[in-house]
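Reader: I am in my first year and still learning to read structures. Please take me slowly through the part of this one that you would look at closely, and then show me what lies around it.

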Amino acid sequence: MRKLRVAAFMPHQDDMEALTGGTLLKYVQQGHHVDVVIAMDGRRGRGVLPENLTWQEIVALRKEEATRGASYLGVKPTFLGIEDHRLVDDRACYDTVINEMERLNPDVIFTTSPNDYHNDHRAISRLVVNVAWAPVFFSDTKASVNFIPDFYVDITQQFETKIKMLGEHASQLKPGWEELIGTVNRLRGIQCMKEEIKYAEGYQLYKRLNWVKGYELLPEDTFELPTQIVPTTERN
Ligand SMILES: [Zn+2]
């Protein structure tokens with residue numbers, strides 16, 4: 001498989017790990033180049049923060065956490081520093097995202113789903129498809145609401161590290177986070193209907209007028225395609 005330049009454009013500091021952490025780990029393990037871009041500054045994220053922090057202290061803390069999380073990939077994230085809830089389709093935001101996209105020049109892009117639960121997730125998704133011609137995969141939504149994957153990545157071997165990566169975001173993790181992520185990835189694993197796949201991440205490909213070999217752009221697996229047609233009637 002040729003070596004790909006992979007870029008994840010994610011809204012908040014913990015989204016890369018929660019939504020694409022296993023897949024990005026797998027790319028890195030297979031020798032591909034991975035970049036992580038975090039659009040928002042994180043100042044309004046409601047997590048488990050002490051009351052008395054200023055927004056500048058929150059931004060600094062979340063940068064530290066994201067840097068530690070991405071270090072499992074051997075990657076230093078780029079922070080676009082856009083104020084939370086202020087990512088809109090205007091010239092300034094467009095320029096910020098397109099400049100970063102041009103700098104990274106990826107072969108394949110990951111971002112959040114255009115119908116995800118949070119306005120920043122929807123906004124970065126829209127901007128990414130507007131500025132990029134490379135194939136774009138949308139990650140699963142929070143708790144998989146309104147999301148039916150086109151593609152699955154087996155992350156059974158990466159799941160434990162994904163949870164550690166996500167655990168670096170202590171200021172954002174509300175009780176039950178591990179169960180939520182584990183349940184979503186387990187459900188996607190079950191949908192693969194292969195005993196050896198315990199955990200998976202699901203993706204949709206952004207469809208437009210070009211031909212994309214979806215699975216050839218995702219991390220490689222060795223599973224065989226089904227070759228038999230199951231008979232539905234008895235023949236004499
Ligand atoms: Zn988010």
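Author: A residue is called buried when its relative accessible area is under 20%, exposed when the value is over 50%, and partly exposed in between. Glu-57, in helix 2 (residues 55–71), shows how the middle term is used: its relative accessible area is 41%, and therefore Glu-57 is partly exposed. Please keep in mind throughout that this is a predicted model.

The part to look at closely is helix 3, which runs over residues 91–104. Its 14 residues, at 1.5 Å a residue, should span 20 Å, and the C-alpha atoms at its ends are indeed 20 Å apart, so the expected and the actual span agree. Which residues of helix 3 are buried? They are Cys-93, Val-97, Ile-98, Glu-100, Met-101 and Leu-104. When you look down the axis of helix 3, these buried residues fall within an arc of 160°, which means that they line one face of the helix. On the other side of helix 3 you will find Arg-91, Ala-92, Glu-102 and Arg-103, which are exposed.

It is worth asking what covers the buried residues of helix 3. The cover includes four strands, namely strand 1 (5–10), strand 2 (33–40), strand 3 (78–82) and strand 4 (108–111), together with helix 4 (119–131). Just after helix 3 comes Asn-105, which takes a positive phi of about 50°. Most residues other than glycine have a negative phi.

Cys-93 deserves a second look, because its relative accessibility is 6% and it thus counts as buried. Another cysteine, Cys-192, is also buried, with a relative accessible area of 19%, a value that falls under the 20% limit. A search of the whole structure for disulfides finds zero.

From here we can move to the metal site. The zinc ion is coordinated by ND1 of His-12, by two OD atoms of Asp-15 and by NE2 of His-121, at 2.0 to 2.7 Å. Along the chain, these donors follow the spacing H-x2-D-x105-H. The angles among the four donor atoms run from 51 to 143°, and the site is irregular; a tetrahedral site would need all of its angles to lie between 85 and 135 degrees. Two of the coordinating residues can be placed with the terms you already know: His-12 counts as buried because its relative accessibility is 9%, and Asp-15 is buried at 7%.

The last place to visit is the loop between strand 5 (136–139) and strand 6 (151–154), where Ser-144 lies. Although Ser-144 is not a glycine, it has a positive phi of about 65°, and Asn-146, in the loop between strand 5 and strand 6, has a positive phi of about 55° without being a glycine. Their accessibilities point in opposite directions, since Ser-144 is buried at 14%, whereas Asn-146 is exposed at 62%. Val-184, a residue of helix 6 (residues 177–191), touches Ser-144 as well as Asp-140 and Ala-143. Val-184 and Ala-143 are 41 residues apart in sequence, yet their C-alpha atoms are 6.2 Å apart in space. Val-184 itself has a relative accessibility of 13%, and so it counts as buried.

Methods
Residues numbered from 1 in each chain as written. Predicted model: local features only at pLDDT ≥ 70, side-chain atom pairs only at ≥ 80, totals over all residues. Heavy atoms only, no water. Donors = N, O, S within 2.8 Å, 3.2 Å for Na, K, Ca; no water. Tetrahedral: all angles 85-135°; square planar, octahedral: opposite > 155°, others 65-115°. Buried < 20%, exposed > 50% of the residue type's maximum accessible area, 1.4 Å probe, protein only. Disulfide = S-S within 2.5 Å. Helix = DSSP H or I, 4+ residues; strand = E, 2+ residues; numbered from the N terminus. Expected span 1.5 Å × (residues − 1). Arc of directions from axis to C-beta. Contact = heavy atoms within 4.5 Å. Lists of a residue's contacts leave out its neighbours within four places in sequence.
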